[in-house]
Amino acid sequence: MMKKTLLLMVLLLPSFVFACDFCNCYLGLNPQYKKNSIGFRYHFQSYSGTEMSPAELSEMGLGKKDFFENRNEYELHAQYYPVQKLQLIASLPYVYNHDGMSNRAKAALGITHHDMHHEDMKAENVYEGIGDLTLLASYQVFNIVSTDSAGFSHRLLAGPGLRVPTGKLSANEMTEAHEFTHQPGMGSWNPMAGLTYLTRYKKVGTMLNANYLIGTRNKYSFVPGNKLNVNLTAYYELNWKRSQLYPSAGIYWEYAANDIFKKEKVSNSGGSMTYLHVGANWYYRKFALEAAVQLPVQTKVNGYQAENNMRLITGVSFTLN
């Protein structure tokens, strides 16, 4: 019986590993929000675990640390103002996702070096390619600027967005539900709505971002769950000659509904997560550097899912005006 169970697990490995229901849109801290700019950003996410229960893992002498996933995105992004009150943002990622298991897990599952070359018994998987293009258009609802440099100023932008299916999607009629969440592309058009509220008092500022994504069906009958991201970041301005440093800290909250596959809810998908954000942005003339770490402080997911260990974001941008 145990040998049959292990064999079944090996055959299903690509379908029970990892999922990311909370990847939506990172807008970042941008005190120079009025500038046209272009930049490059790198995202890294680390996960541990599988959709298997702790009891199932314990029966084989394994734990969640025996299964891993590393998600990498290399994002080209741009911000443009065609008119003073309209902000356009575009983001196109290149995705490299890699998942696998420890040598101990390979031994417990009876996977040999020879087996790893068999399509149905792979101990590691790589999903790589161009991702989906994200477009956001934000209209300036109001912009109240204090005439006193030490006074309070605030600004609100809101508008629609769209995630365009430009990404690579390697799937067929036999593809399992959770495999879609690893793919660079989702294969569907997903409308979005976004809101950004900025405040500033003396050298202290805050930025509130919220965006909502609606999942739609792709040709394989997979519908990603609707997603809501809300984050609040506060920063402080430090000046040195021609450069400025903005250390920042904040909270990111993300919610995802269950995915739908072939008209049925995917039980091990969706939930909510809260991250603590710490970072800094450095500006020198027209150049800017950014770096941030986000650590999960609250997780409430549906069923058994891989655990998000941390997120790292770095980037560089250039102001065009």
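These are my notebook entries on strand pairing, aromatic contacts, nonpolar cores and backbone angles in a predicted model.

**Entry 1: strand 17 and its neighbours**

I began with strand 17, residues 307-319, and looked up its partners. Strand 1, residues 37-48, pairs with strand 17 in the antiparallel sense, over 12 bridges. To fix the register I noted one position: Gly39 stands opposite Ser317 of strand 17.

I then turned to strand 16, residues 287-301, which runs antiparallel to strand 17 and is joined to it by 8 bridges. Here I noted that Val293 has Leu312 in strand 17 as its bridge partner. Strands 16 and 17 form a hairpin with 5 residues between them. In that turn I found Gly303 with a positive phi of about 65 degrees.

**Entry 2: strands 3, 5 and 6**

Next I followed strand 5, residues 133-144. Strand 3, residues 86-101, is antiparallel to strand 5 and joined to it by 6 bridges. In this pairing Leu86 stands opposite Tyr139 of strand 5. Strand 5 also runs antiparallel to strand 6, with 9 bridges joining them. The register I wrote down there is Thr134 with Arg163 of strand 6 as its bridge partner.

**Entry 3: aromatic pairs**

I searched the whole structure for aromatic pairs and found 11. I looked closely at Phe180 and Phe261, whose rings are 5.8 Å apart centre to centre with 55 degrees between the planes, a tilted pair. Phe180 lies in the loop between strand 6 and strand 7 and Phe261 in strand 13, so this pair ties together parts that are 81 residues apart in sequence. I recorded both Phe180 and Phe261 as buried.

Phe261 has a further tilted pair with Phe222, at 6.3 Å centre to centre and again 55 degrees between the planes. Since Phe222 belongs to strand 9 and Phe261 to strand 13, the pair ties together parts that are 39 residues apart in sequence. Phe222 has 1% relative accessibility and therefore counts as buried. For Phe261 the relative accessible area is 14%, which also makes it buried. I also noted that Phe180, Tyr220, Phe222 and Phe261 form one aromatic cluster.

**Entry 4: arginine over tyrosine**

I checked for charges over rings and wrote down two cases. Arg311 lies over the face of Tyr275, 3.9 Å from the ring centre. Arg71 lies over the face of Tyr47, at 5.8 Å from the ring centre.

**Entry 5: nonpolar cores**

The largest nonpolar core has 9 residues, among them Met52, Leu57, Met60, Phe67 and Ile111. I listed the contacts of Leu57, leaving aside neighbours within four places in sequence: Met52, Leu62, Gly63, Lys64 and Phe67. Apart from this core I found another, of 8 residues, including Ala171, Ala177, Met186 and Phe222. Phe222 is thus a member of this core as well as of the aromatic cluster.

**Entry 6: positive phi outside glycine**

Last, I looked up residues with a positive phi that are not glycine. Lys202 has a positive phi of about 55 degrees and sits in the loop between strand 7 and strand 8. Its relative accessible area is 44%, so Lys202 is partly exposed. Lys263 has a positive phi of about 70 degrees and is found in the loop between strand 13 and strand 14. With 74% relative accessibility, Lys263 counts as exposed.

Conventions:
Residues are numbered from 1 along each chain as its sequence is written. This is a predicted model: local features need pLDDT of at least 70, side-chain atom pairs count only at pLDDT 80 or more; totals for chains, interfaces and linings use all residues. Side-chain values use heavy atoms; hydrogens and water are left out. Two strands pair if DSSP finds at least two bridges between them. Helices (H or I, at least four residues) and strands (E, at least two) are DSSP runs, numbered from the N terminus. Rings of Phe, Tyr and Trp (its six-membered ring) pair if their centres lie within 6.5 Å; planes under 30 degrees apart count as stacked, over 60 as edge-to-face and the rest as tilted. Buried means under 20% relative accessible area, exposed over 50%, partly exposed in between (1.4 Å probe, protein chains only). A charge sits over a ring if NZ of Lys or CZ of Arg is within 6 Å of the ring centre and within 35 degrees of the ring normal. A nonpolar core is a set of buried Ala, Val, Leu, Ile, Met, Phe, Trp, Tyr and Cys residues joined through side-chain atoms within 4.5 Å. Contact means heavy atoms within 4.5 Å.
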